[in-house]
Amino acid sequence: MTTTATINKADLMPPPVAEIMQTRSMFIGLIGAVASVAGAFLAPESFYSAYLTVFMVALSLSLGCMSILMLYHLVGGAWGTVSRRTLEAGMMTLPLMAALFIPIAVNLPRLYEWARPDELAKNTKLADIAHSYLNPSGIASRAVLYFVLWFAMAFLLNKWSTEQDNVDAIGRSTLRFRALSGPGLVIYSLTFSFAIIDWVMSMQARWISTIYGLIFIAGAALSTYCFVVLVETILGQRKPMSQYLRSTEVHDHGNFMLAFVMVWAYFNFSQWLIMWSGNLPEEIIWFLRRLHGGWGVIAMGLVLFHFAVPFALLLSQRLKKQTTTLVWIASLLLFMRLVEIFWHIEPAQSLHHDTFHISWTLFAALFGIGGLWMAYFFRNLRARPLLAVYAPQTLRLLEPSHE
Amino acid sequence: MSATSLENPIYGLMAEFDTPQELLTAAEKTHGAGYKQIDAFSPFPVEGLADAIGFHKNSVSLVVLIFGIIGGLSGYLLQYYVSVISYPTNIGGRPYHSWPSFIIVTFELTILLGGISAAVGMLALNGLPMPYHPVFNVPEFARASDDKFFLVVFSTDPNYDAARTREFLRGLAPRTISEVPA
């Protein structure tokens, strides 16, 4: 404990580049927000599905940060000690995500067939589903429940983490982090799965896949590690991160990326194999829409660039050990996350024009939501030191292990 | 090899240190001085020691990759041979070459051969189990699994010279220097 007194909180504050990133993100975000509002009025038929696509990408990242943080509190490891403030800043964007959900909640008929009275009148099966589960009041009350639970867990983990910046945190038990994270991961998996059913899977309301939520959970975890590597690339060359980020931790992040690339592929392939083997009309309809009319090229792109290429590259230790090379794989995967969610959502919308198409509103939403999310993230990150200063794990990290 | 070394073969010179930090510094200096055939022993993993003695990468990952690919290919080709060539069966009108249903066995065999080759390859490459090793001829070495840290310069090193190497090691201020009989 002799080194304790020498830790200086000010030395661990994020470098000025974080503020520059925040300003630039805000600038891009505001331009994107204006373009999105224009899109909502000028091209409403394409805007809302584009908005939902980007919303799901950003929400996956916020919740992915929360779930990986919980994982860290349960299993520990230096990989998490160096990235927990990134994860905490990421999950504390949840209030923004709750606010961004409002445009979806008030425009349900534009996105979901079960919210359109004329569709329900034509289709009694759909009307049954809508009557019992998929209806606006159900969606709204469940959405409130999800966001309240998510934010409550994120808020507590973040608050306790802030308390570890004070010197009186030394010697205090960290058991409460674990006590929340264990049940928290269960709550997260269930609520996120239900949210995915409500907001994405229900776009084709009669199609059911029990592994669907897990595909998004694996994708969220993958996005998170890619994002962590991205942040390390921005901050890692400068103090204070350059002083404690070693290649062993970057290597760990690369290994997690490899693991979740495989988990993602495993879940997707399981769904494909079962539906392909069963060959039942009500199941294969989902794939038929996503493999024909130009969408098949996207599907093949996902197999290659969301799985095969990053998988092969991530086998190499050399590429995984430094952010300068790993960041390219991380960027590719983050881009493919957007492509994947686009491929999930957009074909469900194209009942009347079912060939591949992409609208400028997707880019408006991407810059709008993406810019605001990043600005909020960097604002959260700048508020505190880059390590939880007096957490026992931090003290261990800053003391050389062989002394 | 000279006649004397045949009669009394020497495995190398061993220097003993009290702390991991001393061992790390000594290893770095020895490697820096041009001795490449060296090894270090400590009771617990010392961070950076592998780099200090110039040990960068082993070939286990390559062995696993090769056997993983062999496993995957053999799994796929076996199923292809059975379902397409040897005993074609019409299952629900699906093509004989139904690749999606082949993937699971392909994957499992990749993992199986990769896993076995990792264990066997590791043992083959590090030479374990090893009933005899010359370093145990030095009585002090018993404490390598307790609280002492050792550096060995092998006599196979091109720069090795009994007198000059001993002089060099003395400059690193070890507790003792011992000649290791082969």
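Tutor: Before we start, domain bounds here come from an automatic or database domain assignment. Keep in mind that this is a predicted model.

Student: Okay, which residues make up domain 2 of chain B?

Tutor: The assignment splits chain B into two domains. Domain 1 comes in two pieces, 3–56 and 132–181. That leaves domain 2 with residues 60–126.

Student: And how far apart are the C-alpha centres of those domains of chain B?

Tutor: Take the C-alpha centre of domain 1 of chain B and that of domain 2 of chain B. The separation between them is 45 Å.

Student: Which element of chain B has the lowest mean pLDDT?

Tutor: Chain B as a whole has a mean pLDDT of 88, with 96% of its residues at 70 or more. At the top end sits helix H4 (residues 60–86) of chain B, with a mean of 95. Residues 1–5 of chain B stay under 50, and the model has 2 contacts for them beyond four places in sequence. The lowest mean, 51, belongs to helix H1 (residues 3–7) of chain B.

Student: What should I do with coordinates where pLDDT is low?

Tutor: It's a matter of how far you trust the fine points. Where pLDDT is low, the predicted coordinates should not be read in detail.

Student: How many residues of chain A are in contact with chain B?

Tutor: The predictor gives the complex an ipTM of 0.71 and a pTM of 0.86. On the chain B side, 8 residues take part in the contacts. The chain A side has 4 nonpolar residues, 4 polar ones and no charged ones. Its count of residues in contact is 8.

Student: Is Trp199(A) buried or exposed?

Tutor: Trp199(A) belongs to helix H10 (residues 175–199) of chain A. A residue needs 20 or more C-beta neighbours within 10 Å to count as buried. Trp199(A) has 24 of them inside 10 Å, so its label is buried.

Student: What about Asn279(A), buried or exposed?

Tutor: Asn279(A) sits in the loop between helix H13 (247–278) and helix H14 (281–291) of chain A. Its phi is near 55°, a positive value in a residue other than glycine. Because Asn279(A) has 11 C-beta neighbours inside 10 Å, it counts as exposed.

Student: Which residue is joined to Pro129(B) by a cis peptide bond?

Tutor: Most peptide bonds are trans. Pro129(B) lies in the loop between helix H5 (99–126) and strand S3 (149–154) of chain B. With omega at about -5°, the cis bond links Pro129(B) to Leu128(B).

Conventions:
Residues numbered from 1 in each chain as written. Chains lettered and ligands numbered in written order. Predicted model: local features only at pLDDT ≥ 70, side-chain atom pairs only at ≥ 80, totals over all residues. Contact = placed C-beta atoms within 7 Å. Nonpolar A, V, L, I, M, F, W, Y, C, P; charged D, E, K, R; others polar. pLDDT = per-residue confidence, 0-100. Helix = DSSP H or I, 4+ residues; strand = E, 2+ residues; numbered from the N terminus. Buried ≥ 20, exposed ≤ 12 C-beta atoms within 10 Å, placed from the backbone.
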